[in-house]
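User: I would like to learn how to read the features of a model such as this one, step by step. Could you take me through them, with the general idea before each case where there is one?

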Amino acid sequence: MENKLSFYNTLTRKVEQFVPNTAGKVAMYTCGPTVYHFAHIGNLRSYVMEDVLEKTLRYIGYDVKRVMNITDVGHLSSDADTGEDKMLKGAKREHKSVMEIAKFYTDAFFADCKKLNIKTPDVVEPATNCIDAFIHMIEALIAKGYAYESGGNIYFDTAKLEEYYVFSGQSEQELLVGVREDVQEDANKRNKSDFVLWFTKSKFEDQELKWESPWGLGYPGWHIECSCISMKHLGEYMDIHCGGVDNIFPHHTNEIAQSEAYLGHKWCNYWFHVHHLTNKTGKMSKSKGEFLTVSLVESKGYDPLVYRLFCLQSHYRKPLEFSYEALDNMTAAYDKLVKRIGGLSRDGEVQQDAYHVYREQFEAALCDDLNCSMAITVLYDMLKADISEATKYALAESFDEVLSLNLTTAHAAKEADSGVDEALERYILEKIEERKAAKKEKDFAKADAIRNELLEKGIVLEDTREGVKWKKA
Ligand code: AMP
Ligand code: ZN
């Protein structure tokens, strides 16, 4: 199979041609959400772009297996192993158990993904499912001399590695994004950059979920889950690992450290990172600024797919600033686009030559470091081109396998929605007028008949001082 896709590999700091370990197959892993709260639309920017990457791979013919974890234990409020477990924080906030919180926000996450047409990965595995595997890997790391016990916790010894900062070409700024609030020195660590693999005796005495381990009752650190879950489902060699740029350090750096120390060989060849969605306060986060969720955006009248289009129109390697003005512009563009496609006739012949020319242009745009806005330009170009409507329709349907904007169905759905409601409303208002006239004529039998006729259609009339009002029964 031809390897035509190129994208930016954070590990080599270059746009590189993608060559998988096994021809035609892709082993892909995505860091999933920490399910202590709703995902904000910044988190979802990362998942939208990862979805586009996965769908591009499938579109150009790869057989993809994609795995995602769900972080339901061990992610502390600072990525540098300090603060409280985020899950516990969520449980306290809502007076629920950690598992209740995890279930609720995992379901909410996938409901949001569905609204944004983000495909669910082939395998989704919560961290709390795999505690035995974590313990096994930590035991192996201790046996190999890469991990040590100190103050009751187990730490990874970064000094044992030839190179720890594998993403060191990243700017200081990028390295620091993950290291957030209240970073405190942990006196148990041999080296400043060491990180926790397993917590036992620590200041987190009230941790709700704890498991037996060779080192006592405790719970895993955050990073170990992604190494174990990916190996469980994808084996020892991985092609692509994804996340937002704040995952580069320390999370992905630590994943590589422990995975390669454990395996004794290189683990993952390509690292794909999506830049942040920002707002006036900088990086959008769950802890500061306005907490923007899909539901909030929807409640303000925006179609979630307009947000998807907003993400696609910007390159994944650039920060993207959110604003409602931008969403307004996107809404206008989206409505126009789907109306145009919705109006295309499917009758007639699909011109094979033209179809292939535009399909190739579309693929070429995506294969050029996932240039989605260029891919959308190809869509506009083909809509303007002098080719049959059936060809245009077929191309739009095909492009939507990657863009996932409901290009061919959105307009009909909108029409159906407003069509039914408008017609029904007109009918109700006519009947109300007729009933008013009947009452004036003192034809109460007729007035009652009209009321009953509407009732049969699920509409209840109410005579109020301001006039007749109606509502759905
Ligand atoms: P979390 O639920 O905090 O573990 O984050 C889930 C995903 O969202 C990770 O891949 C993060 O790197 C990513 N992420 C967090 N904040 C943003 C943001 N403002 N813009 C884009 N991606 C983000
Ligand atoms: Zn991860």
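**Reading the model**

Analyst: The accessible surface of the protein comes to about 21300 Å², and 50% of this area belongs to carbon and sulfur atoms. Please keep in mind throughout that this is a predicted model. Of the 473 residues, 53% count as buried, and the C-alpha trace spans about 95 × 60 × 35 Å along its principal axes.

User: How many helices and strands does the protein have, and into which domains is it divided?

Analyst: The secondary structure comes to 15 helices and 16 strands, while the division into domains gives domain 1 (6–274), domain 2 (287–411) and domain 3 (419–472). The centres of domain 2 and domain 3, taken over C-alpha atoms, are separated by 43 Å. As for the contacts in the protein with a separation of 6 or more, 76% of them are accounted for by residues 24 or more positions apart.

User: Let us turn to the ligand. Which residues come nearest to ligand 1, and how much of ligand 1 does the protein bury?

Analyst: A general idea helps here: the size of an interface is often expressed as the accessible area that is lost when the parts come together. In this structure 18 residues surround ligand 1, of which G42, S46, D246, L277 and M284 come nearest. Three side chains offer polar atoms to the ligand: T34 has one 2.9 Å from an oxygen atom of ligand 1, S46 has an N or O atom 2.8 Å from a nitrogen atom of ligand 1, and N247 has an N or O atom 3.2 Å from an oxygen atom of ligand 1. Taken alone, ligand 1 exposes 490 Å², and the protein buries 95% of that area. Helix 1 (41–59) and strand 10 (238–244) are the elements that give two or more residues to the shell, and helix 1 supplies the largest share, four residues. By character, the residues of the shell divide into four nonpolar, 11 polar and three charged.

User: Which residues of helix 2 are buried, and what do they pack against?

Analyst: In general, an α-helix has 3.6 residues a turn, so residues three or four places apart point the same way. For helix 2 (residues 86–94), the buried residues are K86, M87, L88, G90 and A91, and these pack against helix 3 (98–115). At the start of helix 2, a side-chain oxygen of D85 reaches to within 2.7 Å of the backbone nitrogen of M87, and after the helix comes H95, whose phi is positive, near 50°.

User: Is T71 buried or exposed, and which residues does T71 touch?

Analyst: T71 is found in the loop between strand 4 (63–70) and helix 2, and T71 counts as buried because its relative accessible area is 1%, under the 20% cut-off. Leaving aside residues up to four places away in sequence, T71 touches G32, P33, T34, V35, M87, W222 and E225; M87 is also among the buried residues of helix 2, and T34 places a polar side-chain atom 2.9 Å from an oxygen atom of ligand 1.

User: Where is H223 found, and what does its side chain contact?

Analyst: H223 lies in the loop between strand 9 (219–220) and helix 6 (224–234), and a relative accessibility of 1% is why H223 counts as buried. A polar contact of 2.8 Å joins its side chain to that of H251.

User: Where is T391 placed, and what surrounds T391?

Analyst: T391 is in helix 13 (residues 389–403) and, with 0% relative accessibility, counts as buried. Its side chain makes a polar contact of 2.5 Å with the side chain of S388, and, apart from residues up to four places away in sequence, T391 touches E349, V350, Q351, A354 and Y355.

User: Which backbone angles deserve a second look?

Analyst: As a rule, most residues other than glycine have a negative phi, and most peptide bonds are trans. Here a cis peptide bond, with omega about 5°, joins F249 and P250, and P250 belongs to helix 7 (residues 248–263). D369, which is not a glycine, has a positive phi of about 50°; D369 is in the loop between helix 11 (352–367) and helix 12 (372–384) and is buried, with a relative accessible area of 5%. N406, also a residue other than glycine, has phi near 55°; N406 is in the loop between helix 13 and helix 14 (410–440) and is partly exposed, with a relative accessible area of 30%.

Conventions
Residues numbered from 1 in each chain as written. Chains lettered and ligands numbered in written order. Predicted model: local features only at pLDDT ≥ 70, side-chain atom pairs only at ≥ 80, totals over all residues. Heavy atoms only, no water. Buried < 20%, exposed > 50% of the residue type's maximum accessible area, 1.4 Å probe, protein only. Polar contact = N/O pair within 3.5 Å; in protein donor to acceptor, adjacent residues only side chain to side chain. Contact = heavy atoms within 4.5 Å. Domains from an automatic or database assignment. Near = heavy atom within 4 Å. Areas by Shrake-Rupley, 256 points an atom, 1.4 Å probe, with all protein chains shown as cover. Nonpolar A, V, L, I, M, F, W, Y, C, P; charged D, E, K, R; others polar.
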